[in-house]
Amino acid sequence: MSAEGPRPEPASEPGSEPASAAGPLCSEHGQALSWFCGSERRPACAACAGPGGRCRGHRVRPAEERAEALRNKIVDQCEKLQLQSASITKYMAEVLPGKNQRAVSTASAARELVIQRLSLVKSLCESEEQRLLEQVHGEEERAHQSILTQRAHWAEALKKLDTIRTSLVGMLTHLDDLQLIQKEQEIFEKTEEAEGILDPQESEKLNFNEKCTWSPLLTQLWATAVLGSFSGTEDVRIDEKTVSPFLQLSGDRRTLTFNAKKSKACTDGPERFDHWPNALAASSFHTGLHAWTVNVQNSCAYKVGVASGRLPRKGSGSDCRLGHNAFSWVFSRYDQEFRFSHNGQHEPLGLLRSPSQLGILLDLQAQELLFYEPVSRTVLYTYHAAFPTPLFPVFAVADQSLSIIH
């Protein structure tokens with residue numbers, strides 16, 4: 001064999017048979033399928049590939065060249081598959097065990113972190129519980145001692161009054177006119193002494209101060225627990241009979257959309273607000289704990305809160321305007337101003353950003369109304385009062401829309 005190796009055979013011309021003609025034959029010409037038509041992507045015989053054949057003008061080449069190209073492609077693909085298999089094998093042997101070990105290690109660390117943090121929260125809650133219970137006990141003792149002191153004071157006052165009365169009755173019964181006149185100074189002194197004993201007056205010192213149980217930590221944890229549980233959220237829907245003609249109510253009765261033009265299709269009724277863009281919920285609350293959440297991200301002018309069923313509905317006066325009367329307690333936003341309003345008293349709230357959702361908690365047993373932002377788990381405002389019942393969730397919107405979330 002020479003150093004140059006074997007010389008390649010000259011390429012065949014279309015219309016002639018290549019050196020190897022073994023194999024399937026052309027159904028049209030009965031010749032070996034020794035050519036490949038690149039245009040039709042199928043084998044062809046020499047007659048088909050010739051000047052007068054079916055494949056004239058097409059891209060034709062000897063079948064053995066096409067087969068060789070395919071063999072080379074298969075070899076390249078096999079090499080790639082071999083490299084890919086080696087890479088996968090290495091990944092399974094080296095990377096995945098490390099990943100699994102790191103996952104176990106990370107999960108263990110995460111588990112320890114959860115236990116550590118919950119343990120700290122539990123410890124803090126236990127400390128807060130002890131502190132609050134001690135404050136309750138101390139306040140109870142203080143009120144009890146105040147009552148005992150008052151009891152002793154008024155027992156002594158009763159004793160003095162009884163002594164003075166007995167003395168005066170004795171004078172009235174046993175003294176004659178002259179003797180009675182001679183006792184005038186004594187009568188004056190005893191009368192003055194009796195008048196110096198004033199009637200009992202109501203004193204906050206004799207009452208248990210419920211503020212001793214107020215705790216920002218407890219309030220925030222309580223609000224998170226109530227609003228974070230599905231069972232703690234009311235299915236609040238709006239009473240369509242109360243909806244202002246400036247508002248449009250959605251079909252599911254959970255969304256209110258403001259309309260600057262008064263709706264003419266809205267029939268008037270005694271329960272409907274006819275001027276301010278207000279609406280009441282269909283359900284009312286008399287006792288217990290209640291919570292609901294409102295999506296307010298689309299509006300820059302709204303009010304949400306609670307209102308008494310005695311809230312007037314007709315006219316443009318303050319008696320129908322939420323937060324401007326004794327019958328409504330609301331959290332309001334106008335542009336970037338936030339405040340809590342009741343009975344014409346408006347307390348500004350310095351919020352750093354606009355809440356997208358507002359949670360409202362009403363605890364009638366504790367006489368507490370709380371506004372809460374679920375996203376940041378922040379208590380925005382808390383109000384304590386002896387609320388009249390029944391109370392209704394109330395809504396007002398003067399820009400875009402708001403929706404009750406359920």
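This briefing describes selected features of the structure shown above, grouped by topic.

The model is predicted rather than determined by experiment. Across the whole structure, a search finds 14 salt bridges, and a few of these are described below together with the exposure of the residues that form them. Further points concern the packing of helix α2 (residues 63-174) against helix α4 (residues 184-195), the surroundings of Thr 293 in strand β7 and of His 384 in strand β14, and some details of the backbone.

**Salt bridges**

- Side chains of opposite charge can pair when their charged atoms come close.
- Arg 237 pairs with Asp 235 in a salt bridge, and the closest N and O atoms of the two are 3.6 Å apart.
- Both partners of this bridge are partly exposed, since Arg 237 has a relative accessible area of 27% and Asp 235 has one of 39%, values that lie between the limits of 20% and 50%.
- Asp 239 and Lys 241 also meet through their side chains in a salt bridge, with an N to O distance of 3.2 Å.
- In this pair Asp 239 counts as buried because its relative accessibility is 13%, which is under the limit of 20%, whereas Lys 241 is partly exposed with a relative accessible area of 46%.
- Lys 241 takes part in a salt bridge with Glu 271 as well, where the N to O distance is 4.0 Å.
- This pair of Glu 271 and Lys 241 links distant parts of the chain, for the two residues are 30 residues apart: Glu 271 lies in the loop between β5 (255-258) and β6 (278-280), while Lys 241 lies in the loop between α5 (216-227) and β4 (247-249).
- Glu 271 counts as partly exposed, at 34% relative accessibility.
- Elsewhere, Glu 28, Glu 40, Arg 42 and Arg 54 are joined into one network by salt bridges that share partners.

**Helix α2 against helix α4**

- Two packed helices are described by the angle between their axes and the distance between the axes.
- For helix α2 (residues 63-174) and helix α4 (residues 184-195), the axes come within 10 Å and cross at roughly 155°.
- The helices α2 and α4 are therefore roughly antiparallel to each other, because an angle over 145 degrees is counted in that way.
- The crossing in which α2 passes α4 is left-handed.
- On the side of α2, the residues in the contact are Lys 160, Leu 161, Ile 164, Ser 167, Leu 168 and Met 171, and on the side of α4 they are Glu 186, Ile 187, Lys 190, Glu 193 and Ala 194.
- Sorted by class, the contact of α2 with α4 has six nonpolar, one polar and four charged residues.

**Two strand residues and their surroundings**

- Thr 293 belongs to strand β7 (residues 289-295), and Thr 293 counts as buried, with a relative accessibility of 9%.
- When residues up to four places away in sequence are not counted, Thr 293 touches Leu 227, Gln 357, Leu 358, Gly 359, Pro 374, Ser 403, Ile 404 and Ile 405.
- His 384 belongs to strand β14 (residues 378-384), and His 384 counts as partly exposed, with a relative accessibility of 26%.
- Apart from neighbours within four places in sequence, His 384 is in contact with Trp 214, Ala 366, Gln 367 and Glu 368.
- His 384 and Pro 62 are 322 residues apart along the chain, and their C-alpha atoms are separated by 96 Å.

**Backbone details in loops**

- The peptide bond that runs from Thr 389 to Pro 390 is cis, with omega near 5°, and Pro 390 has its place in the loop between β14 and β15 (391-397).
- Arg 41, although it is not a glycine, has a positive phi of about 55°.
- Arg 41 is found in the loop between β1 (35-37) and β2 (42-44), and Arg 41 is exposed, with a relative accessible area of 53%.
- Gln 367, listed above among the contacts of His 384, is a residue other than glycine with a positive phi, near 55°.
- Gln 367 has its place in the loop between β12 (357-363) and β13 (368-373), and Gln 367 counts as partly exposed at 34% relative accessibility.

Methods
Residues numbered from 1 in each chain as written. Predicted model: local features only at pLDDT ≥ 70, side-chain atom pairs only at ≥ 80, totals over all residues. Heavy atoms only, no water. Buried < 20%, exposed > 50% of the residue type's maximum accessible area, 1.4 Å probe, protein only. Helix = DSSP H or I, 4+ residues; strand = E, 2+ residues; numbered from the N terminus. Axes fitted to C-alpha atoms, helices over the stretch in contact; angles between N-to-C directions. Parallel < 35°, antiparallel > 145°, perpendicular 65-115°, else oblique. Left-handed = near helix turned anticlockwise from the far one by under 90°. Contact = heavy atoms within 4.5 Å. Nonpolar A, V, L, I, M, F, W, Y, C, P; charged D, E, K, R; others polar.
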